[in-house]
Amino acid sequence: MMPALTGCLSHTRIVPKTRLASIVMGADLDQIVKQLDARYNAIQTMNADIEISKISGGSLQGQVRESISLAGYIFIRKPEYLRVYLKVPVVSSLAMDMASDGTNFKLYIPSEHKAIVGSNQVTVPSKNSLENLRPEVFLGSLLVRGVSDDQLVSMTLDTRIVDNSAKKKGDLIEEPEYQLSILAKPQGKEVHTLRVVHIDRENLLPYKQETYDESGQIVTRALYSNYQLYGEIQYPTKITIERPLDHLGLNHLFEF
């Protein structure tokens, strides 16, 4: 037993080499929350041309399928007005029309010969993932909300590995991040996580947001990239929305 106890038996394996990020910004919890609130409050309306591609499937299905891109526009007016209008390319026929005033919800999908009117909440999930889309999926993902007075918030530090191979072959960057957890007020001893916002410490902007249901499952994951400055507001021009339980993804490209 002596060789094992003295560490003579060992095994070395090769792992990808990473480097530390060259730019790392710092902020405390109060500063991060104020920046989040300020960005959300600065946008009262949004009117943009969009291009959306639907991604369905995943590892459980053994395949991922990306549909043709749909072009159209999206209009948002706070607090909860939403209109999403998408057309099929080339023929320009209607693909989907969604509208909500915050109380009433309407979704029309001509190809399915279906019109859904009623509650913003899904009561009976459909096998067609598009039919499970509700205004909150868009409103909560396209505009990262701040922290309301009836919510709690905490911040932790973590790191992520960023693949920079597009600029330099084999370049992997170990980049620190802030994780902002927004929690509902405790019910007894239980605390429910509502959202987790991941903050890139290179620019202190959100690059990912995860929204949870009451059972703790991720129902919506939004990824943000290609930030551009519009007036004094930095906004991502590429947003990917993933719905893990529906095996559905939506890629959004914005032009304001």
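**A pocket, a core and a salt-bridge network**

About 850 Å³ of space lies in the largest pocket of this predicted model. The lining of that pocket comprises 30 residues, and those closest to its centre are Gln121, Glu136, Thr211, Val219 and Arg243. Several elements contribute: helix H2 (29-42), H3, strand E11 (193-200), E12 and E13 each supply at least two lining residues. The greatest share comes from H3, which gives four residues to the lining. Rolling a probe the size of a water molecule over the atoms shows where empty space is left.

The pocket belongs to a protein chain with three helices and 15 strands. Of the 256 residues in the chain, 37% are buried. Among contacts between residues at least 6 apart in sequence, 43% join residues at least 24 apart.

Helix H3 is a good place to continue. This helix spans residues 135-142 and is mostly covered, with seven of its eight residues buried. The buried residues in H3 are Pro135, Val137, Phe138, Leu139, Gly140, Ser141 and Leu142. Glu136 counts as partly exposed because its relative accessibility is 42%, above the 20% under which a residue is called buried. The side chain of Glu136 meets that of Arg145 in a salt bridge, at 2.8 Å from N to O. Arg145 is itself partly exposed, at 23% relative accessibility.

Two residues of H3 also stand out in the nonpolar interior. The largest nonpolar core has 43 residues, and Ile74, Phe138, Leu142 and Phe254 touch the most other members. In general, nonpolar side chains tend to be buried together in soluble globular proteins. Once neighbours within four places in sequence are set aside, Phe254 is in contact with ten residues' worth of surroundings listed here in full: Met46, Ala48, Asp49, Ile50, Ile74, Leu142, Tyr235, Pro236, Thr237 and Ile239.Strand E14 supplies another buried residue with contacts to H3. Ile241 is placed in strand E14 and counts as buried, at 1% relative accessibility. Beyond its neighbours within four places in sequence, Ile241 is in contact with Val137, Ser141, Leu142, Thr220, Arg221, Leu248, Gly249, Leu250 and His252. Ile241 and Tyr224 are 17 residues apart in sequence, with their C-alpha atoms 9.1 Å apart in space.

E14 is paired with E15: the two strands run antiparallel and are joined by six bridges. Strand E15 (residues 248-255) is largely enclosed by the rest of the structure, because six of its eight residues are buried. Arg243 stands opposite Leu248 in E15. Four residues lie between the strands in this hairpin, where His247 takes a positive phi near 50°.

Charged pairs add a further set of links, and the structure holds nine salt bridges. Side chains of opposite charge can pair when their charged atoms come close. Arg221 forms a salt bridge with Glu210, the closest N and O atoms being 3.9 Å apart. This pair links distant parts of the chain, with Arg221 in strand E13 (residues 218-230) and Glu210 in strand E12 (residues 205-212), eleven residues apart. Glu210 counts as buried, at 9% relative accessibility. Arg221 also forms a salt bridge with Glu242, where the closest N and O atoms are 2.9 Å apart. Glu242 lies in strand E14 (residues 233-243), so its pairing with Arg221 in E13 ties together parts that are 21 residues apart in sequence. The relative accessible area of Glu242 is 26%, making this residue partly exposed. Through shared partners, salt bridges join Lys208, Glu210, Arg221 and Glu242 into one network.

The backbone has a few features that may catch a modeller's eye. Most residues other than glycine have a negative phi, and most peptide bonds are trans. Lys78 and Pro79, however, are joined by a cis peptide bond, with omega about 10°. Pro79 is in the loop between strand E4 (70-77) and strand E5 (81-87). His113 has a positive phi near 55° and lies in the loop between strand E7 (105-109) and strand E8 (114-118). His113 is exposed, with a relative accessible area of 74%. Leu204 likewise has a positive phi, near 60°, and is placed in the loop between E11 and E12. At 6% relative accessibility, Leu204 counts as buried.

Terms used: Residues numbered from 1 in each chain as written. Predicted model: local features only at pLDDT ≥ 70, side-chain atom pairs only at ≥ 80, totals over all residues. Heavy atoms only, no water. Buried < 20%, exposed > 50% of the residue type's maximum accessible area, 1.4 Å probe, protein only. Core = buried A, V, L, I, M, F, W, Y, C linked by side-chain atoms within 4.5 Å. Contact = heavy atoms within 4.5 Å. Salt bridge = Lys/Arg side-chain N within 4 Å of Asp/Glu carboxyl O. Pairing = 2+ DSSP bridges. 1 Å grid on protein atoms, 1.4 Å probe; cavity = no way out; pocket = protein on both sides within 12 Å on 5 of 7 lines; lining within 4 Å. Points joined across faces, edges and corners; volume = space filled by probe spheres on them.
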